[in-house]
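I opened my notebook to look up a few things here. Come along as I go through the entries.

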Amino acid sequence: MAAVHDHDIAHAHDHHPTGLMRWLTTTNHKDIGSMYLWFSFLMFLTGGVMALTIRAELFQPGLQIVNPEFFNQLTTMHGLVMVFGAIMPAFVGFANWQIPMMIGAPDMAFARMNNWSFWLLPPAALLLLTSFFVPGGAAAGGWTFYPPLSVQMGMGMDMAIFAIHIMGASSIMGSINIITTILNMRAPGMTLMKMPMFVWTWLITAYLLVLVMPVLAGVVTMLLFDRHFDTNFFNAAGGGDPVMFQHIFWFFGHPEVYIMILPSFGIVSEVIPAFARKPLFGYSSMVYATASIAILSCIVWAHHMFTAGMPVTGQLFFMYGTMLIAVPTGVKVFNWTATMWRGSMTFETPMLFAIGFVFLFTIGGFSGVVCAIVPIDIQVQDTYYVIAHFHYVLVSGSLFGIFAGAYYWLPKWTGHMYDETLGKWHFWLSMVFFNLTFFVQHFLGLAGMPRRIPDYALQFADFNAISSIGAFGFGLSQLVFLAVVLKSIRGGAKAPAKPWEGASSLEWTLPSPAPYHSFETPPVIR
């Protein structure tokens, strides 16, 4: 009987599903990583189309293309799709692909849960996007869902809340998986302080996600109860407090911003040493800076609420706390610059995106410090200055980091080198059009143009026209990236064992730590 049972098990292991079933049932971390990356790119294009519709409407004053209600739906859904559908899943895709290889693990710790955490995303995205087609349309209160507006909206709001619940569950499962994998499945000899920086940034990010995602779930559940069960958590007429919603939401929302940037820090900390042909400068200070940023991010949430009627003492605390975050971030920028200093640098596409990231993210950081100063923030609150600030952080930050990582690891993922000329075109077009789109928005904001409005005064017309032209250029440039990826998957020059000369022979351990443990051969897994 035992022999038959063993034979059945062996037979089951031999059977590999093909076609659609392979992707539906896969527990392979590389397959799941690829699905995350494709899903995020699809959502990136979807959110991009929404952004271009917004910019087309704002190309000139007056109402041209969409009515104001639909315009507000677009701004809300653009934010939700980009944050929960594009940026976060892209980083989880990188984590799935790279972390097991970087720490010498055979796969992720919970392989089936890994599959499940991906397959929760498509139905959630479907719920989010089909809310456009229900009576009342999609949620139109901004991606932050502030009551009392969000309490009064139609069923599109309920669909958005449900979608966020599902995406949050996916994030929590993915994070638990990443934490367990990193802490329990490292190859012998790889201590925590020998891990590549990308692994470190994801470990810290995963802890942040486990901390704050349930907070978001809680606050949208309270909103749901207000909407359907007359609970009055946020209804002032029933004794509730709409500002309490903002406190709970931003306790999630601010760490969320760092959840979207820390993995980018990790990617850039892998790419710069490889193309500077030097170990990362200040490895341990990078680890401590990352941890400091994560801890500080949890105590500065109310800098989003300076105009909500806060005591002066509270304003001072959150102002100083926010400025304090600039210190560990500055340590990182210094370390990246010092890594490049006197290195034998070459400028392939991943390095271009990494340098673009450091330069533009620093601008975003400076405008963040400007927004941290209470009297200035009260002036620029809800203007285009804030839009410019967070797009410098999240587009030239998170997105450029994603591009740097994609070009860097593409030879490893596909087995083929990508087209370097097209890659450089993608970088320069993105760089020029990104700045054309968002730099002028600083001026619009300082001149007082409010955000989330479909029409505006004539004095803002010129900068809006420039911004809209830049946005269409930036959007179309991303099709170059799609062409590069498809071309690399289909073929091209075969990737050598060392795609990037000067990096270690295995791409899973770039010399993030000092060179004496650059793992030229794979570690033995006992």
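A crossing is left-handed if the near helix is turned anticlockwise from the far one by less than a right angle, and right-handed if clockwise. Helices here are DSSP runs of H or I with at least four residues, numbered from the N terminus.

Entry: ground rules. I noted that this is a predicted model, where local features need pLDDT of at least 70 and side-chain atom pairs count only at pLDDT 80 or more, while totals for chains, interfaces and linings use all residues. Residues are numbered from 1 along each chain as its sequence is written, and side-chain values use heavy atoms, leaving out hydrogens and water.

Entry: a helix pair. I looked up α11 (residues 262–276) and α14 (residues 349–372), which pack at about 125 degrees with axes 9 Å apart. That makes α11 oblique to α14 (neither under 35, over 145, nor 65 to 115 degrees). I found that α11 passes α14 in a left-handed crossing. Among the residues that meet are Phe265 and Ile272 in α11, and Met351 and Phe357 in α14 (contact means heavy atoms within 4.5 Å). By class, I read twelve nonpolar, one polar and no charged residues in this contact.

Entry: Met244. I found Met244 in helix α10 (residues 242–259). Is Met244 buried or exposed? Met244 is partly exposed, at 30% relative accessible area (between buried, under 20%, and exposed, over 50%; 1.4 Å probe, protein chains only). Leaving aside neighbours within four places in sequence, Met244 is in contact with Met222, Phe233 and Phe234.

Entry: confidence. I noted an average pLDDT of 92 (the predictor's confidence in each residue, from 0 to 100). Over residues 6–12, pLDDT stays under 50.

Conventions. Axes are lines fitted to C-alpha atoms, for helices over the stretch in contact, and angles run from 0 to 180 degrees between N-to-C directions. Helices (H or I, at least four residues) and strands (E, at least two) are DSSP runs, numbered from the N terminus. Ala, Val, Leu, Ile, Met, Phe, Trp, Tyr, Cys and Pro count as nonpolar, Asp, Glu, Lys and Arg as charged, and the others, Gly among them, as polar.
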